[in-house]
Amino acid sequence: MQANTISYQEKPYSILITGATGFIGSRLVVSFTNKGYSVKALSRKDMADRQSVRFVKADMFNIEQLEAALNEVDVAYYLVHSMEGDKKNWKEFASRERIQAQNFLKAATTTGVKRIIYLGGLADEELDLSPHMKSRHDVGKILSSGSIPVTQLRASLIIGAGGGSYAMLRYLVERLRIMVCPRWVKSMAQPIAVDDVIDYLIECIEKPETTGRTFDIGGPERLTYEQLMRIYSAYLNKNLFVIHIPFLTTRLSSYWVDLITPVKASLARPLIDSLVHDTVVRDDSITKIIPLKLRSVREAIDMATMEINKNPPPEEIKESKTGFKTNQRLLLVSLFVMSFIGTTYYWLDDRQEVYQLGWILASSSWLVTIGFSILFVKNKTRLGYLVAGILSWVTLAFWLFDNYYIVFQDSIIARQPNFEMTVRNFVGVIVACTSILASHNVFHKIHSYQYRGVPV
């Protein structure tokens, strides 16, 4: 074993890591270099080399580029995923992943790669798997169909800063005290800390007996996604109330996640699809070959939180170019001013109609909706911006109709307002227009502004 380890350390750049800038790949590169290895890191973008890391640019759909990247490589880590993209063609990720795996296997065979290590998803193959999980399994079968020995690690939910699943968990719990949940929150999982996944991946190269085998990996605890949310809620010292709605589909759930968190629906849907079935370890034989001290869920959450707080990644688009924070503040101020203007019906207006039950119920609902909008806008959710925008349009129309008499010499909402209310309506129209513009701007910029899994 020791001789095997030394040979790879003494043979620089014989290890290639695909997806080297991703959630798992970037950590694996750092861990290998910390252990004294010199590795190749494959990326779709041009990247500058750094100590012990040689970046190679290659498109997984270009076999010639892959062959150049895999030249003189003995061990290749396959960490490629293609889930993200436009919501209109999110289903295409499965076909993209199959083509990428086929291209990679062909290039690896041509260049004489001796071993492939693949990180896939954990689920029972006998079940009617989601497109995401089926694709993960199909990729493993494609890679294993050739003459190169493949080690497959099939992981349950991975907890770590920058991971899509963890981002969903964190943002949902942080932003919602009352959680409306579908049936999939009762599915069993065996969450594993991302650092434990990295340790398994590295140890596989140092343990020859893992060659050509498939292993399930998971943390020390088996729990449901609801229990996981409650653990994170307890970690934050807050109460979480869960309401179960069994007819809430994965598609509706993904749109809900899209509106509440920075995780796009195109990524949330395949992630949620993968939570429909239990993802627990059935064969723990790897724990005997690689006896790690696995971290608990709470330890994994604590490590991820500290990492986020210590090293928040830079924003993808600078504030000076997006004006996000300016629009965010403007929207909050506009909503507060709108709510104040709305109260003038009860201390500036002299019309008796405003004290009728219908008016009181409508105005109360309007104020509650503004409060809801302010709460979710402060938490920077697309749901808050959406509700604020719709409410502002309704308010704009109402106040314009209240001044209908100025142009058409007739009133359609109530009796003709007095002069003070007429002026107030025009002021309200200006505020409502400001709110509409600000809500539109932040609604379309929030995904660009927020870095997935990192607070802004």
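In this predicted model, Asp 349 and Arg 351 form a salt bridge whose closest N and O atoms are 2.9 Å apart. Both Asp 349 and Arg 351 are buried. The pair does not stand alone, for Asp 349, Arg 351 and Asp 402 are linked in a network of salt bridges. In total, the structure holds ten salt bridges. As general background, side chains of opposite charge can pair when their charged atoms come close.

Two further salt bridges are worth a visit. In one of them, Asp 196 joins Arg 295, with 2.3 Å between the closest N and O atoms. Asp 196 belongs to helix α7, while Arg 295 sits in the loop between α11 (286-289) and α12, so this pair ties together parts that are 99 residues apart in sequence. The two partners can also be described by their accessibility: Asp 196 counts as buried at 1% relative accessibility, and Arg 295 counts as partly exposed at 23%.

The other salt bridge links Lys 114 with Asp 74, and here the closest N and O atoms are 3.0 Å apart. Lys 114 lies in the loop between α4 (93-111) and β5, and Asp 74 lies in the loop between α3 (63-70) and β4; the pair therefore ties together parts that are 40 residues apart in sequence. Lys 114 counts as exposed, at 52% relative accessibility, whereas Asp 74 is buried, with a relative accessible area of 7%.

The loops just described lead into strands β4 and β5, and these strands belong to an open sheet. Seven strands form this sheet in the order β3-β2-β1-β4-β5-β6-β11, and the pairing is parallel. At the edges are β3 (53-57) and β11 (214-217), each of which pairs on one side only. From one strand to the next, the twist averages 20°. In general, strands of a sheet pair through backbone hydrogen bonds, either parallel or antiparallel.

A walk through the sheet can begin at β1 (residues 15-17), which runs parallel to β4 (residues 75-78) and is joined to that strand by three bridges. Within this pairing, Leu 16 stands opposite Ala 76 of β4. Strand β4 also pairs with β5 in the parallel sense, over four bridges, and Tyr 78 is found opposite Tyr 118 in β5. Continuing onward, six bridges join β5 to the parallel strand β6, where Thr 151 stands opposite Ile 117. Seven of the seven residues of β5 are buried, so this strand is largely enclosed by the rest of the structure.

Helices pack on the sheet as well. Helix α2 (residues 25-34) touches β1, β2 (39-43), β3 and β4, and the direction of this helix makes about 150° with that of β1. Helix α7 (residues 194-206) touches β1, β4, β5 (115-121), β6 (150-155) and β11, with its direction at about 155° to that of β5. Asp 196, met above in a salt bridge with Arg 295, is part of this helix.

Individual residues show how separate parts of the chain meet. Val 297 is found in helix α12 (residues 297-310) and is buried, with a relative accessible area of 2%. Leaving aside neighbours within four places in sequence, Val 297 is in contact with Ile 159, Pro 191, Glu 221, Leu 223, Leu 228 and Ile 231. The C-alpha atoms of Val 297 and Pro 220 are separated by 8.2 Å, although these residues are 77 residues apart along the chain. Lys 238, in the loop between α8 (225-235) and β13 (241-244), is buried too, with a relative accessible area of 15%. Not counting residues up to four places away in sequence, Lys 238 touches Val 173, Glu 174, Arg 175, Leu 176, Arg 177 and Ser 233.

At the surface, Ile 406, Val 407, Phe 408 and Phe 426 make a nonpolar patch of about 400 Å². Helix α17 (residues 405-408) gives the most to this patch, with three residues. Val 407 has its place in helix α17 and is exposed, with a relative accessible area of 61%.

Taken overall, the protein chain comes to 18 helices and 13 strands. Of its 456 residues, 54% are buried. The chain exposes about 21300 Å², and carbon and sulfur atoms supply 57% of that area. Among contacts with a separation of 6 or more, 79% are between residues 24 or more positions apart.

Key: Residues numbered from 1 in each chain as written. Predicted model: local features only at pLDDT ≥ 70, side-chain atom pairs only at ≥ 80, totals over all residues. Heavy atoms only, no water. Pairing = 2+ DSSP bridges. Helix = DSSP H or I, 4+ residues; strand = E, 2+ residues; numbered from the N terminus. Axes fitted to C-alpha atoms, helices over the stretch in contact; angles between N-to-C directions. Contact = heavy atoms within 4.5 Å. Patch = residues over 30% accessible without salt bridge, like charges linked within 9 Å, V, L, I, M, F, W, Y side chains within 5 Å. Areas by Shrake-Rupley, 256 points an atom, 1.4 Å probe, with all protein chains shown as cover. Salt bridge = Lys/Arg side-chain N within 4 Å of Asp/Glu carboxyl O. Buried < 20%, exposed > 50% of the residue type's maximum accessible area, 1.4 Å probe, protein only.
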